[in-house]
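Welcome, and please have your viewer ready. We will go from one selection to the next, pausing at each to see what is there.

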Amino acid sequence: MTTATTSVSGPAANAAGENMRFYGVWLVGVIVLVVLPLVFSSGGSLTSFSLIGIAIVFALSYNILLGQTGLLSFGHAVHYGLGGFMACHMMNAVVSHGWPIPLPFIPLFGGLGGLAFAILVSWLMTKRAGTVFAMISLGIGELVASSSLILRSVFGGEAGITTDRTALPRMFGWTFGPQIQVYYLIAFWLVVSAIAMYALTRTPLGRISNAVRDNPERVQFIGYDPHVVRYLAYCFAGFFAGIAGGLAAISFEIANSAYLGAIQSGLVLFATFIGGTAYFFGPILGAILVTYLQLGLTSVTSVWQLYFGIIFIGIVMFSPGGIAGLLMMHRPLLRAGTLWTVIPSYLVAIVPTVALGCGVVLMIETIARYSGGEASAINLFGIAFNPRSPATWIAAAVLVAGGFVIARLTWRRIGEAWDRAATIARDRGYLA
Amino acid sequence: MTAAIEVRAVEKRFGNVSIIRDLNLSIAQGERHAIIGPNGAGKSTTFNLISGHIKPTSGEVRLNGDVISGLRPFEINRRGLSRSFQVTNVFARMTVWENVRCAVLWATGHRYAFWKNVDHLPEVREQTARILEDIHLTHRRDVPAGLLTYAEQRELEIGVTIAGGATVVMLDEPTAGMSHAETERAVSLIRRLTEGRTLVIVEHDMSVVFGLADRISVLVYGHIIASGTPEEIRRDPKVKEAYLGEEAH
Amino acid sequence: MVHECAVLELIVISSLNGVLFGMLLFLLSSGLTVIFSMMGVLNFAHASFYMLGAFFGFQLTKWIGFWPAFVLAPLLVGAIGMVVERYGLRNTHKHGHVAELLLTFGLAFAIEEIVSMIWGRSPVDYRVPALLDFPAFTIFSTNYPAYKIFMLAVSVVIFVALLLVLKRTRVGLIVQAALTHPHMVGHLGHNVGRVFMVVFGVGSALAGLAGVIAGPALVTQSDMAASLGPILFVVIVFGGLGSLPGAFVASLVIGLVQTFAVALNGSLASVFGPLDSPGGPSALSDIWNVTIAQVAPIIPYLLLVIILIVRPMGLMGTRES
């Protein structure tokens with residue numbers, strides 16, 4: 001999974017070694033998925049893992065658009081949601097008609113639901129790329145989200161459509177009642193979908209999608225219609241988003257209009273972009289982080305979404321390659337052996353940067369509680385701050401201002417150290 | 001024998017302004033044809049009209065006898081016409097290898113396939129390797145195109161243009177911005193790679209034009225004022241007046 | 001006779017409200033269009049500036065009264081817009097238009113969260129100023145509030161002022177050039193940065209102004225940006241991206257259509273009678289029984305789909321992208 005979408009895996013001289021490493025990474029991934037619930041077996045962590053697995057499939061499907069084809073969609077949750085509804089209706093139909101379809105096949109129908117809608121609308125949507133596509137995807141997203149409240153018989157209105165996953169025919173004697181069984185079902189589909197989506201990047205269509213992303217005009221002069229390429233890529237993205245939605249429907253035993261709304265579309269964009277769109281594994285990191293934060297922060301703070309926004313803005317402004325991009329930046333330095341020259345400047349920068357971060361958190365929490373009329377103390381690293389005391393405001397202001405001024409100096413030092421290390425790495429023949 | 005490219009009475013208007021008027025041009029099979037003219041004469045527009053990048057207001061363009069004006073660029077490309085761009089225009093985030101390979105995929109019949117592993121297509125691999133060899137970029141194959149030197153990017157642009165095996169190759173100022181040594185290298189590259197194909201080239205460097213072309217057309221204010229062999233063009237008084245008189249070195 | 005009066009009343013009132021809503025949309029979409037044409041950035045946070053205008057207007061009205069707030073709040077929003085351009089967009093520009101769009105998307109998200117953090121998620125009590133709190137005139141049985149006339153007047157004044165600036169001033173000429181020849185903007189010279197900042201600031205201030213005046217008439221709430229934003233984008237895609245006349249026509253069309261849809265209460269069932277559906281409720285019976293008012297929220301998006309089929313460039317668009 002460490003292979004960059006932009007990298008080559010042509011007939012390189014050390015192909016055998018590369019292959020070993022490549023399959024090794026996937027194997028490790030599968031082993032982790034199998035072992036994880038044995039290590040953390042509480043119900044809460046199983047639910048969290050399930051949610052993360054669904055989020056990964058969803059984010060990877062989104063990256064077919066954003067990272068692979070250069071299409072920025074603000075309405076990807078439409079396919080996720082329709083996949084979820086499709087799965088719910090299918091499960092209910094299986095039960096009421098007595099069809100011999102066991103639960104593990106249901107996500108496939110979710111995928112087909114997502115795909116069907118993609119086939120229907122995306123020919124029109126993908127005529128144009130860039131900003132126009134982004135706006136149209138937003139419009140289609142709103143259209144479907146609003147329509148779902150009107151077509152009550154299909155979408156169940158505000159309440160949504162409920163289902164019972166345990167009522168389906170069994171497979172291997174599993175009822176899929178316990179969360180652990182659902183977890184393994186999701187893990188299975190996660191592996192299958194991830195492999196399929198990775199394989200897609202290695203096909204002629206996948207490669208041409210990258211070309212369309214880089215330069216849609218030039219693609220026309222090597223024989224391809226960029227519209228067709230975008231259309232096909234969109235259909236695949238819709239299919240895998242539908243699978244993710246189907247998995248969610250199984251996990252929650254419900255599908256409602258929130259599945260296909262703007263917030264869901266925004267979250268998958270956040271996860272994918274924060275993780276990094278240029279590498280296949282980027283969205284995986286992003287989905288893990290965003291889901292983890294979502295689950296972790298909601299219990300700690302009432303304004304968790306604001307932190308998401310701030311992290312996202314920070315990534316867009318300072319590291320548009322996302323976390324994966326940040327990590328992969330270090331690869332040439334690591335190979336050239338110059339990484340150690342950068343580390344001291346990192347260590348120096350940590351202190352003021354953390355101070356700045358604490359200041360921002362303190363300020364946000366203080367304002368949130370002050371205007372919310374709450375008097376409860378803010379607990380930051382075991383220190384209690386009273387939101388009504390001026391000392392708290394002063395502490396926050398000092399941390400933010402002081403942290404920022406000093407942190408900027410240390411960031412500049414990182415930049416200089418980085419440039420030196422990168423120059424040496426380049427001289428030694430390791431390209432970024 | 002039908003002409004490779006036949007332009008008949010083509011006009012292109014933007015609003016009320018005629019950029020190209022009554023353009024007639026015939027380029028024989030296997031000919032190396034240069035289009036020259038002062039800045040703003042409409043050379044790039046002519047290229048864009050032939051390759052389908054823009055549509056003519058009136059008139060028609062034929063490729064090997066078939067009308068292609070009005071077709072989309074990729075349809076024209078599939079009929080065997082390929083072009084390069086004046087502004088370097090490769091796929092910046094993809095490697096040199098991937099750039100050329102993408103240009104090979106349609107011609108080898110793999111189209112939009114999503115069921116084949118692109119690394120396991122022997123004919124694609126061989127053709128890509130051959131073209132990289134031809135443009136002398138084999139040692140740079142794993143470098144993202146955006147990180148190549150300017151001259152290397154121009155060579156890659158030529159490689160991408162010829163990779164699909166087009167019979168008619170159009171190069172838009174392939175040596176612009178190159179040093180003298182780089183230009184010589186590029187000219188011999190072009191001569192070798194377009195062997196047996198029809199070449200249409202727009203170029204400012206007269207040494208390149210007169211060294212490479214079998215025939216030359218002179219475009220002034222959207223109209224071809226002369227067309228002929230390099231010798232004829234050199235002697236043509238109209239050309240001297242309109243073009244060479246002021247710019248010949 | 002009574003029936004006819006009611007119909008006439010509905011038409012007059014809805015037309016007035018529709019034009020008003022359309023003019024408000026144009027206050028927003030004009031800034032958005034000019035910013036897009038000049039800088040290539042579709043400002044996702046434009047509706048958020050509108051929301052900030054409404055909340056600043058509310059807060060300042062509480063502190064210093066409506067009229068000072070009416071002047072100050074848009075200026076404040078304009079200043080925020082300039083800061084966003086100078087320290088946000090300008091640094092992101094090197095990463096391309098997608099990064100810029102994403103930055104404004106993140107910003108829109110953050111602004112919504114900050115607003116609901118400070119003012120809560122429920123509507124605030126932003127009242128019409130006492131000076132304008134009387135019925136302007138009465139049609140049949142409906143009192144038309146003076147405040148709405150005031151809103152209409154403000155939007156018309158701004159509209160005329162914009163027109164004059166565009167036709168008569170240097171900046172206006174630059175903006176016009178940018179609208180017709182977007183690639184020329186790069187040749188403006190060394191002060192291009194300042195022009196961008198001013199244009200972005202003015203666009204934001206106009207959005208803020210729209211918020212200040214719309215706040216008391218509509219609902220001032222932390223989700224108002226999220227609900228208006230998508231309609232705004234429909235307007236500019238519908239009108240043709242980068243076309244100011246297109247944005248104007250589209251604003252009015254969508255303003256009128258949506259206002260009339262909300263006012264009408266018919267459904268297919270009320271016109272053609274109930275549908276015989278033996279199988280109980282189905283998608284068809286849902287559609288049959290839905291009232292036009294219920295469909296109102298999706299009408300802009302339906303219009304978007306239709307225009308994409310009929311005229312992908314938008315109503316008056318000339319550009320591919």
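Start where chain A meets chain B: select the contact, to which chain A gives 27 residues and chain B gives 38 residues. Keep in mind as you look that this is a predicted model.

Now hide the chain B half and stay with the side of chain A that touches chain B. Colour α8 (204-214), α9 (216-220) and α10 (226-252) of chain A, since each of these helices supplies at least two residues of that side. Which of them gives the largest share? That is α8(A), with 7 residues. If you recolour the side of chain A that touches chain B by residue class, you will find 14 nonpolar, 8 polar and 5 charged residues.

Next, bring all the chains back into view. There are 2 pairs of chains in contact, and chains A and C share the most contacts. Chain B and chain C, by contrast, do not touch, and a distance label between their nearest C-alpha atoms should read 12 Å.

Select chain A alone and colour by confidence. Its mean pLDDT is 90, with 95% of the residues at 70 or more. Where in chain A is confidence lowest, and where is it highest? The low end is strand β3 (residues 378-380) of chain A, with a mean of 73, while the high end is α10(A), at 98. Then pick residues 1-13 of chain A, where the pLDDT is below 50. Beyond near neighbours in sequence, this stretch still has 36 contacts in the model. Coordinates predicted with low pLDDT should not be read in detail.

Keep chain A on screen and switch to cartoon view: its secondary structure consists of 16 helices and 4 strands. The radius of gyration of chain A is 24 Å, close to the 22 Å given by the globule rule for 432 residues, so chain A is as compact as a globular protein of that length. Draw a box along the principal axes, and the C-alpha atoms of chain A fill roughly 65 × 65 × 45 Å. Of the 432 residues in chain A, 48% count as buried. Turn on contacts between residues of chain A at least 6 apart in sequence: 79% of them join residues at least 24 apart.

For the last stop, give two colours to chain A: one for domain 1 (17-320), another for domain 2 (337-427). Place a marker at the C-alpha centre of each of these domains of chain A, and the two markers will lie 34 Å apart.

Note on methods:
Residues numbered from 1 in each chain as written. Chains lettered and ligands numbered in written order. Predicted model: local features only at pLDDT ≥ 70, side-chain atom pairs only at ≥ 80, totals over all residues. Contact = placed C-beta atoms within 7 Å. Nonpolar A, V, L, I, M, F, W, Y, C, P; charged D, E, K, R; others polar. pLDDT = per-residue confidence, 0-100. Domains from an automatic or database assignment. Rg over C-alpha atoms; globule rule 2.2 N^0.38 Å. Buried ≥ 20, exposed ≤ 12 C-beta atoms within 10 Å, placed from the backbone.
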